[in-house]
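The report below goes through one protein model, from its cysteines to its strands and loops. Please keep the sequence and the structure in view while reading.

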Amino acid sequence: MKRYHIITFGCQMNEHDSENIAGMLESMGYVLADDPFKAEVIVLNTCSVREHADKRFYGMLGQFKKRHDENKDTRIVCVCGCMPQQPRVQDEIKKSFSWVDVVFGTQTIGDFPRLLNDRISTGKKQFSITANNSIVPDEKESKRLHKHKALVNITYGCNNFCTYCIVPYTRGREKSRSLEDVVREVEKLVADGAIEVMLLGQNVNSFIDDKGNTFPTLVRAINDIEGLERIRFMTSNPKDLSDELIECYRTCEKLCKHIHLPVQSGSSSVLKRMNRRYDREKYIDIINKLKLACPDIAITTDIIVGFPGETEEEFEDTLSLVEYVKYDSAFTFIYSPREGTPAAGFSDQIPYDIKHERFERLNEVVNKYSLEKNEQLSDKTVKVLIDGSSRKDDKSYSGRTDGFKLVNVSSGRDITGHLVDVRITECKTFSIDGVLA
């Protein structure tokens, strides 16, 4: 029996790409192997947004070399995702990892079955990279990680060119699917048992199809699908977040009371150097509108510390913004230069010790408000969609509230995939405990 194993780095876009790749492999007769070293086909789906992901990938790839050499005829190693889209990575794979069998990029995923078959039939290495494909890819039959919830791509690529970000270079220019195509996919997913969908794009707010349908129009159309319980989306760029979308939080009962709205910095001058195309005042105005439209909304964000040229005063602007918004949680990052981006060439790079010290100060403030927001749920009963077994212990299950808070639930039975009432018993900074109500 032919077996496969996929190792995924990075964001939800990469996770969904891996679901599509798994679907292709299973349609070719492969079955999932829990142990990558027992699989005939190993796929490493890479991310290039952070330096840490680069290092993890190269380290893991090295682990497979010996096993590959022992079984050259039966074990096939494939590398895909964002990293191979970069010329420097292509050169590194050809030079230092020439034993890799199949390499393909973010825009040639649909070629994978052909590439794999060609590798098997000819014994020759296969390489397929396209710099900027303008065609909206067909969504393949994927093997979803969960039956009760699904990831749904609505846009591909990015046109923003933030000066620190490699994504426009690895995923190409922005393309939107048609509203009808997305709605049909969600309807099919709901018929198959999904009660929650997450709409994905590098910037979902800029969705617009050939007929002029915008993202709020899409949200309203999906909200009308019978049997669906929850709608989420990620990620939102503040520069394109419209009043019409904010109004959806009032009028669309299935739209979760949560938004992930990356700010990156609280300083207008830093935001300008980042080419984010909004300033601190614009961001605060959006936050105020969101809270007015949906008082219970949970707001999460991304923040970069130590962007080139960041002064202590500019960093203090970020701290004061966190104090103002009181985020439910935040992904915080120390800036790391990505080769090929404008910011990597800026001359005023910040020393690591300063970046790290600011990172610690920022997390202290972020974590304070995360705990405060979680504690607001103490002794309350909330709806939680259970995703599976908890890492906490083998008698608990974990899931997410409407506001995307992680809850561990004690239960004597398997409640995976169910939307259950949970009474909150203990609140911590990064998770919440509860029992079935």
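The sulfur of Cys-256 lies 10 Å from the closest cysteine sulfur, which belongs to Cys-294, and this is too far for a bond. A disulfide is a pair of cysteine sulfur atoms within 2.5 Å, and a search of the whole structure finds zero of them. Cys-252 is likewise in no disulfide; its nearest cysteine sulfur, that of Cys-248, is 4.2 Å away. Cys-256 counts as buried, because its relative accessibility is 1%. Cys-252 also counts as buried, at 5%. (Buried means under 20% relative accessible area, exposed over 50%, and partly exposed in between, with a 1.4 Å probe and protein chains only.)

The model is predicted, so local features need pLDDT of at least 70 and side-chain atom pairs count only at pLDDT 80 or more, while totals for chains, interfaces and linings use all residues. Residues are numbered from 1 along each chain as its sequence is written, and side-chain values use heavy atoms, with hydrogens and water left out.

In soluble globular proteins, nonpolar side chains tend to be buried together. A nonpolar core is a set of buried Ala, Val, Leu, Ile, Met, Phe, Trp, Tyr and Cys residues joined through side-chain atoms within 4.5 Å. The largest one here has 69 residues, and Phe-215 and Ile-222 have the most contacts inside it. Apart from it lies another core, of 20 residues, including Ile-7 and Phe-97. Contact means heavy atoms within 4.5 Å. Leaving aside neighbours within four places in sequence, Ile-222 touches several residues, among them Val-182, Leu-199 and Ile-231.

Next come the strands and helices. Helices (H or I, at least four residues) and strands (E, at least two) are DSSP runs, numbered from the N terminus. Two strands pair if DSSP finds at least two bridges between them. Three parallel pairs are listed here.

| Strands | Bridges | Partners |
|---|---|---|
| 10 (residues 196-200) and 11 | five | Leu-200 and Met-234 |
| 13 (residues 298-305) and 14 | six | Asp-302 and Phe-331 |
| 17 (residues 406-410) and 19 (residues 432-436) | four | Val-409 and Gly-434 |

Is strand 11 (residues 230-234) enclosed or open? Five of its five residues are buried, so strand 11 is largely enclosed by the rest of the structure. Arg-230, Arg-232 and Met-234 point one way, while Ile-231 and Phe-233 point the other way. Together with strand 10 and helix 7 (residues 215-223), strand 11 makes a right-handed β-α-β unit. A crossover is right-handed if, with the strands pointing away from the viewer, the path from the first strand over the helix to the second runs clockwise. A cis peptide bond joins Met-234 and Thr-235, with omega about 5°. Thr-235 sits in the loop between strand 11 and helix 8 (243-251).

Strand 14 (residues 329-334) alternates: Ala-330, Thr-332 and Ile-334 point to one face and are buried, whereas Ser-329, Phe-331 and Phe-333 point to the other and are not. The chain reaches strand 14 from strand 13 through helix 11 (residues 312-325), in a right-handed β-α-β crossover. In the loop between helix 11 and strand 14 is Lys-326. Phi of Lys-326 is near 60°, a positive value in a residue other than glycine.

Finally, strands 15-16-17-19-18 form, in that order, a closed barrel of five strands with mixed pairing.
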